[in-house]
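Here are my comments on the model you asked me to look over, set out as numbered points. Please read them with the structure open beside you.

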Amino acid sequence: MEYIIKYTGDILSLGYPTELLDAQFAIMELGDEAAERLLEHWQVTSIEPARRLSGLLDRSMEAACIPPVQRANGLGLTGRGVLIGIVDSGIDLNHPEFLGEDGISRVAALWDMTVEGTPPRGFLHGTAYTREEIAAGLVSSVDQDGHGTAVAAIAAGRSGAAPGASIAAVKLASARTTDIMRAVKYLLDQAEERGMPCVVNLSYGTNCGSHQGQTLFESYIDQSAQRGRSVVVCAAGNEGSGAHHFRGLLVEGGVTDAEFTISTRREQVYLSLWKNFADEAAFELVLPNGQTTGPLGEGARFLRFGSIRVSVFYGVPTHYTATQEALFLLSAPAGELDGLWKLRCYGRKVADGRFDVWLPTIEEVSDRTAFLQPEPDLTITLPATALYPISVGGFRPETETISPFSGRGDQDCAGRVLLDLAAPAEAVRSAKSGGGYDTFTGTSMAAPFVSGAAALMMEWGIVQGNDLFLYGQRVKAFLCKGALRSPFLDYPNPLWGYGRLNLCGTMNELVSHLERGL
């Protein structure tokens, strides 16, 4: 076996097969007896047998029960024939995680929205790169952030969940909903052109919306998740412990206060309030210095308090939603919004009374901007709140406990389950942009476990012909059915959805259904 040797002097004179690493370290391949005698030589100061490291994501992968499905003595699935689309900060095309066994990149397409050139057909901006250009090393796109590289490696790296899958990636110019929508369309177009089933991974989220699947953004994601042989997977966000959600009750003739602190270098902070349209109410903002907007009824209002600008907009019901939004935009030079604010809610004519308010996400303002009396439920971010995608929360593999930051569903979602299941989300080892590996935390890392698992399922079902309809909601249903559940909890629940990702259980269910002809 191989040994690591620390040495001084002339180690080559010992006559053993030796690879010199530098002037102090070498590697030798030795039999047991030779290894025992090696320390007799004065040149050898220390010896250590080579040990097998845990491969990328091993602990997390085992927690999701993915390796048994990959192994040749299992189902031998790798995701071959399936396209995994990554909407993120880009991808490190030179990282070995994305090379096939032949040494050629498995990235089939890349759209860099940040580089002006030849955009994809039907789009106006960015540059699209082909498989041939990528394989030839003609692409200069880089992933400065590293988030996209880590996500892609978990889903489809050589040590990831679906090491045989083809990859298509979009480097976003911004995290705007419009850019994400463009990216989803591009990836589904790529899959259709190749005649491949497709999984789209979205590890981005926002708090600006009703969290009930009622925005146009969510509606588009729902529509996309029903297009072709596709699956859309969304991270649930990291808002579970962020204190960015307030739930209140309007009282007719009464007042309900929502106090919150702002501490951020951002120059704009929003509050997105959603209520029943049948309820009539007025809202007042009290600034840290005691100044007040006074009660504001419906209609747009623009107010100034020194350097602070307050804009208020009221929405109306549409054919997508029967609820009403009141959006408050607070703007000022960096640091001048800081302090204790109060949103005062006056009930005028109340039929229902329930209302919810959200501050921006952790990634936008950190947890120093927060409600003083937050509601941890319904902290899942958009677009994971849409109906058709698979929404993924996060858990800690070492303890099998839910991650405190993991975005939560709601106790009462009018019959809808907003969170589907949980996957590993803490200290996940993955590829680092620029080379090597690092550990990453967040539900952004949980979602690609499910994306990779979905690709393995679709290879078995669609590519191998065992279940030609294994996409969309059918994939979600079997993932939820196969999830691991505690006997001490009721399911589905806001923290876990239907339980922990367990691909072994899901594949057992699928094989059983195949054998029974279902």
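1. Strand pairing recurs below, and two strands are taken to pair if DSSP finds at least two bridges between them. In this predicted model, strand β5 (residues 83-88) and strand β9 pair in the parallel sense over 5 bridges, and the bridge partner of L83 in β9 is C198. On from there, β9 and strand β10 (residues 230-235) also pair in the parallel sense, over 5 bridges, with S230 in β10 as the bridge partner of C198. Between β9 and β10 the chain crosses through helix α7 (residues 216-225), and this β-α-β crossover is right-handed.

2. Are the two faces of β9 covered or open? Both are covered, since C198, V200 and L202 on one side and V199 and N201 on the other are all buried, a term that stands for under 20% relative accessible area. Put as a count for the strand, which spans residues 198-202, 5 of its 5 residues are buried.

3. On confidence, the mean pLDDT of the protein is 91, and 96% of its residues reach 70 or more. The stretch to treat with care is residues 51-58, where the pLDDT is below 50, although this stretch has 20 contacts in the model beyond near neighbours in sequence. Where pLDDT is low, the predicted coordinates should not be read in detail, and I would ask that any description of those contacts carry that caution.

4. The largest nonpolar core has 64 residues, and those with the most contacts inside it are I91, I390, M457, V475 and L501. Helix α9 (residues 443-463) gives the largest share of this core, 13 residues. Leaving aside neighbours within four places in sequence, M457 is in contact with L470, V475, F478, L479, L503, T506, M507 and L510. A second, separate core of 33 residues includes L83, Y186, V232 and L419. As background, nonpolar side chains tend to be buried together in soluble globular proteins.

5. Helix α10 (residues 473-482) has V475, K476, F478, L479, C480 and G482 as its buried residues. What covers these buried residues includes strands β10, β21 (390-396) and β23 (421-424), together with helices α9 and α11 (503-515).

6. A further sheet deserves its own description: 4 strands form an open sheet in the order β14-β18-β12-β20, and the pairing is antiparallel. The edge strands are β14 (280-286) and β20 (370-371), each of which pairs on one side only. Within the sheet, 8 bridges join strand β12 (residues 255-262) to strand β18 (residues 339-349), and among the residues concerned, A258 has L343 in β18 as its bridge partner.

7. Is L172 buried or exposed? This residue is found in the loop between β8 (166-171) and α6 (177-194), and L172 counts as buried because its relative accessible area is 9%, where the cut-off is under 20%. Not counting residues up to four places away in sequence, L172 touches V87, D88, M113, T114, D179, I180, A183 and Y204. Of these, M113 is 59 residues from L172 in sequence, yet the two are 5.5 Å apart in space, C-alpha to C-alpha.

8. The count of salt bridges comes to 15. One of them joins E400 and R500, with the closest N and O atoms 3.4 Å apart. This pair links distant parts of the chain, 100 residues apart, with E400 in the loop between β21 and β22 (401-402) and R500 in the loop between α10 and α11. The partners differ in exposure: E400 is partly exposed, with a relative accessible area of 45%, whereas R500 is buried, at 13%.

9. Other salt bridges should be listed alongside that one. The side chains of E62 and R71 meet in a salt bridge at 3.2 Å, N to O, where E62 is partly exposed at 42% relative accessible area and R71 is likewise partly exposed at 41%. D352 forms a salt bridge with R354, the closest N and O atoms being 3.0 Å apart, and D352 counts as partly exposed at 29% relative accessibility. Finally, K185, D189, E192 and R227 are linked in a network of salt bridges.

Note on methods:
Residues are numbered from 1 along each chain as its sequence is written. This is a predicted model: local features need pLDDT of at least 70, side-chain atom pairs count only at pLDDT 80 or more; totals for chains, interfaces and linings use all residues. Side-chain values use heavy atoms; hydrogens and water are left out. Buried means under 20% relative accessible area, exposed over 50%, partly exposed in between (1.4 Å probe, protein chains only). A crossover is right-handed if, with the strands pointing away from the viewer, the path from the first strand over the helix to the second runs clockwise. A nonpolar core is a set of buried Ala, Val, Leu, Ile, Met, Phe, Trp, Tyr and Cys residues joined through side-chain atoms within 4.5 Å. Contact means heavy atoms within 4.5 Å. pLDDT is the predictor's confidence in each residue, from 0 to 100. A salt bridge is a side-chain nitrogen of Lys or Arg within 4 Å of a carboxyl oxygen of Asp or Glu.
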